[in-house]
Amino acid sequence: MSGSLPLNYKTVILAMQGVWYKMENAPTSFLMGLSHVREVQIHQSLPSTNTYAKELLNSANDHGTVIWALEQTHGRGRLGRAWLSDSTSLTFSLIWRFPNYDKTALIPLAVGLGIVQALQIFSDELRVKWPNDVWAKGGKVAGILCESCRNEQGIWVIVGIGINVNQSAINASLGAVSLEELTGCPLPRLAVLIEALQGADHGLNRLLNGELDLSTDFERYGNFLHRRIILHSQGSLRPAIARRVLPDGRLVVEDEAGGLAVVMPDEVSLRFPE
Ligand code: ATP
């Protein structure tokens, strides 16, 4: 694992109109204290920040790169679903490398919880829908897509994050909610990026230090426990009640006959009944 950077000097790259502007050791006070951010790349438009990040791994194998697209045209969700955004949304990916680490499956949950905690500064209504969607007022505010790959340098995890900052036009059709709707005022995307990076960084540090208690954090910041849910899995729907999250991130659910079962984050999608 690359160590923490001692100072708040990072590389900032602006990729605008096909021209790259690189600022080495930029005094980025807004990124102060982030141990897992080394470089921020700001792109005017990308099809998908996760796809771009994955291609970058071949040439610059760097832990701590942030790819921020001011506009993302073909964002992806889980299982080939689309993530929609416009020029008022925040879409970025983090590249992290883990030379030896056997808990990468928990990274999406740790990051989701970290982001929800950090974004409380904008609204204390924000909650996590297991495993890692950010919700408020019955709709999704942010989504996280983690993808991993392995090469000779270790395991790479690309954490793609989409946050509805000020968007409104596309919200109704998606049942989406924006931070602007929650706060009542438009927010600068950079301010939300800084908070989200702080949250992701904090979540990852807690996980790496063994300090993250998923059960307690989901009790506190989850919106799904002790509620009726529908579990979607490969075309089948199963009603259940969400009971608790185990320390390793799996969800304990109770079926209609009172039987308990344990489900993994990557095998089901959790929905709420209409
Ligand atoms: P899961 O709970 O399994 O993650 P999901 O339906 O929330 O299921 P994701 O992969 O997280 O799936 O996100 C993609 C889905 O989110 C899309 O199918 C669409 O319904 C919805 N969606 C797409 N863009 C947005 C957005 N900007 N805001 C809110 N919801 C969105």
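**A walk through the packing of a predicted model**

A242 is buried, at a relative accessible area of 0%. This is a predicted model. A242 belongs to strand β13, which covers residues 236-245. Leaving aside residues up to four places away in sequence, A242 touches F224, L225, H226, R227, I229, L251, V252 and V253. I230 sits 12 residues from A242 in sequence, with 9.4 Å between the C-alpha atoms.

Two of the residues that A242 touches, F224 and R227, lead on to the aromatic rings. A pair of aromatic rings is described by the distance of the centres and the angle of the planes. How many aromatic pairs does a search of the whole structure find? It finds two. One is formed by W135 and F272, with 5.3 Å from centre to centre and 80° between the planes, which is edge-to-face. W135 lies in strand β9 (residues 133-136), and F272 lies in the segment after β16 (269-271). The pair therefore ties together parts that are 137 residues apart in sequence. W135 is buried at 17% relative accessibility, because buried means under 20%. F272 is buried too, at 15%.

The rings of F218 and F224 also pair. Their centres are 5.8 Å apart and their planes stand at 70°, so this pair is edge-to-face. Both F218 and F224 are buried. R227 brings us back to F272: R227 lies over the face of that ring, 3.9 Å from the ring centre.

Next come the helices. Two packed helices are described by the angle between their axes and the distance between the axes. Helix α2 (residues 107-118) packs with helix α5 (residues 189-208) at an angle of about 135°, and the axes are 7 Å apart. Why do α2 and α5 count as oblique to each other? Angles over 145 degrees count as roughly antiparallel and 65 to 115 as roughly perpendicular, so an angle of about 135° falls among the rest, which are oblique. The crossing of α2 and α5 is right-handed. On the α2 side, the residues that meet α5 are I107, A110, V111, G114, I115, Q117 and A118. Their counterparts in α5 are E195, A196, G199, A200, G203, L204, R206 and L207.

G112 is also found in helix α2. G112 is buried, at a relative accessible area of 0%. Its C-alpha atom is 7.4 Å from that of A200, though the two residues are 88 apart along the chain. Not counting residues up to four places away in sequence, G112 touches V128, N132 and I144.

Follow the contact to N132. N132 sits in the loop between β8 (127-129) and β9. Is N132 buried or exposed? N132 is buried, with a relative accessible area of 7%. Under the sequence limit of four places, N132 touches P108, G112 and I144. P131 has its place in this loop between β8 and β9 as well. A cis peptide bond joins W130 and P131, with omega at about 5°.

Two backbone angles complete the tour. K137 lies in the loop between β9 and β10 (139-151). Phi of K137 is near 50°, a positive value in a residue other than glycine. K137 counts as exposed, at 57% relative accessibility. L79 is not a glycine, yet has a positive phi of about 50°. L79 is placed in the loop between β5 (75-76) and β6 (82-83). At 73% relative accessibility, L79 is exposed.

Technical notes: Residues numbered from 1 in each chain as written. Predicted model: local features only at pLDDT ≥ 70, side-chain atom pairs only at ≥ 80, totals over all residues. Heavy atoms only, no water. Phe/Tyr/Trp six-rings, centres within 6.5 Å; stacked < 30°, edge-to-face > 60°. Helix = DSSP H or I, 4+ residues; strand = E, 2+ residues; numbered from the N terminus. Buried < 20%, exposed > 50% of the residue type's maximum accessible area, 1.4 Å probe, protein only. Lys NZ or Arg CZ within 6 Å of the ring centre and 35° of its normal. Axes fitted to C-alpha atoms, helices over the stretch in contact; angles between N-to-C directions. Left-handed = near helix turned anticlockwise from the far one by under 90°. Contact = heavy atoms within 4.5 Å.
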